[in-house]
Amino acid sequence: MSQDRICVGAIAGAFGVKGDIRLKSFCTDPEAIADFGVLWSEDGAHSYEITLRGAIKNGFAARVNTVTTKEQADALSGVRLFVDRDILPNLPDDEFYHTDLIGLAVFDTGGKELGRVSAVNNHGAGDFLEIQGPGLKNEALLPFTLAAVPTVDLAARRIIVDPPEGVFPE
């Protein structure tokens, strides 16, 4: 996949028997996924045009321009949908696309390297940075708040953290 594309959603299988799909949107405004025009598969080999049909539990019922049967819709289950980065809006200084955070080096306020961001998760209570590194048996989960993450320097590819007690081993 090109680094110039960002994941904005995923197909979760068929919805009904007429070729509609279940669509999960990862956009801040979930309906915005239909405004991007062409969406791409992760490998860039397939393109999709999505039309939202209505809200359903955990997403949308939608139509894909190339899908006309339930079997075709089922075959797309699990396909992650990407959009060209250059059509996404620029973000304010205090907001970040998750993909920009993954791979950044993580340092404490004393300059000690703690690891690297391996994922950004949100299970309903806000974003958490998943950090992996030497000396960590399991990944550390750090709340992505201003108090815990006072500095994100994308140009230097690093994050300065002031973690709550117990997030990282002593």
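Contact here means heavy atoms within 4.5 Å, a cut-off to keep in mind for the neighbours of N121 and for the other close-ups below. The model in these figures is a predicted one.

**Figure 1. N121 and its neighbours in strand β8.** Let's start with N121, which sits in strand β8. Leaving aside residues up to four places away in sequence, N121 touches G126, D127, F128, E130 and L141. With a relative accessible area of 19%, N121 is buried, because the cut-off for that class is under 20%. The side chain of N121 also makes a polar contact with the side chain of E130, at 3.1 Å.

**Figure 2. Strands β9 and β10 side by side.** Strand β9 covers residues 127-132 and pairs with β10 in the antiparallel sense over 4 bridges. To find your way in this view, look for F128, whose bridge partner in β10 is P143. Now follow the side chains along β10, residues 140-143, and you will see them alternate. A140 and L142 point to one face and are buried, while L141 and P143 point to the other face and are not buried. Two of these residues may look familiar: F128 and L141 are among the residues that N121 touches.

**Figure 3. Strand β1 between its partners β2 and β6.** Of the 11 residues of β1, 8 are buried, so this strand is largely enclosed by the rest of the structure. On the β2 side, 5 bridges join β1 to residues 20-25, and the two strands run antiparallel. A handy landmark here is A14, which has I21 as its bridge partner in β2. Together, β1 and β2 form a hairpin with 4 residues between them. In that turn, G16 has a positive phi of about 85°. On the β6 side, the pairing with β1 is antiparallel and runs over 5 bridges. Here you can use R5 as a guide, since its bridge partner in β6 is D84.

**Figure 4. F96 in the loop after β6.** F96 lies in the loop between β6 (residues 80-84) and α2 (residues 98-101). Which residues does F96 touch, not counting those up to four places away in sequence? They are L91, L101, F144, V152 and L154. V152 deserves a second look: F96 and V152 are 56 residues apart along the chain, with their C-alpha atoms separated by 9.1 Å.

**Figure 5. D94, another residue of the same loop.** D94 also has its place in the loop between β6 and α2. Is D94 buried or exposed? D94 is exposed, with a relative accessible area of 62%; residues count as exposed over 50%. If you trace back to D84, 10 residues away along the chain, the C-alpha atoms of D94 and D84 are separated by 22 Å.

**Figure 6. D100 and its partner R85.** Moving on into helix α2, we find D100. At 17% relative accessibility, D100 counts as buried. The side chain of D100 makes a polar contact with the side chain of R85, at 2.6 Å. Beyond the residues up to four places away in sequence, D100 touches R85, L154 and R157. L154 links this view with Figure 4, where it is one of the residues touched by F96.

**Figure 7. The largest pocket and its lining.** This view shows the largest pocket, with a volume of about 1200 Å³. Its lining is made up of 40 residues, and those nearest the centre are F26, F96, Y97, H98 and D127. The elements that give two or more residues to the lining are β1 (5-15), β6, α2, β8 (113-122) and β11 (151-153). By residue class, the lining divides into 23 nonpolar, 9 polar and 8 charged residues. You have already met F96 in its loop and D127 as a residue touched by N121.

**Figure 8. The whole chain, for orientation.** Stepping back, the chain has 2 helices and 12 strands. Along the sequence they follow the pattern β-β-β-β-β-α-β-α-β-β-β-β-β-β. The C-alpha trace spans about 60 × 30 × 25 Å along its principal axes. Buried residues make up 35% of the 170 residues in the chain. Among the contacts with a separation of 6 or more, 46% join residues 24 or more positions apart.

Key
Residues are numbered from 1 along each chain as its sequence is written. This is a predicted model: local features need pLDDT of at least 70, side-chain atom pairs count only at pLDDT 80 or more; totals for chains, interfaces and linings use all residues. Side-chain values use heavy atoms; hydrogens and water are left out. On a 1 Å grid over the protein atoms alone, a cavity is a set of points where a 1.4 Å probe fits but cannot get out, and a pocket is an open set with protein on both sides within 12 Å along at least five of seven lines; lining residues have an atom within 4 Å of a point. Grid points are joined across faces, edges and corners, and a volume is the space filled by probe spheres set on the points. Ala, Val, Leu, Ile, Met, Phe, Trp, Tyr, Cys and Pro count as nonpolar, Asp, Glu, Lys and Arg as charged, and the others, Gly among them, as polar. Buried means under 20% relative accessible area, exposed over 50%, partly exposed in between (1.4 Å probe, protein chains only). A polar contact is a pair of N or O atoms within 3.5 Å; within protein, one must be able to donate a hydrogen and the other to accept it, and residues adjacent in sequence count only if both atoms are side-chain atoms. Two strands pair if DSSP finds at least two bridges between them.
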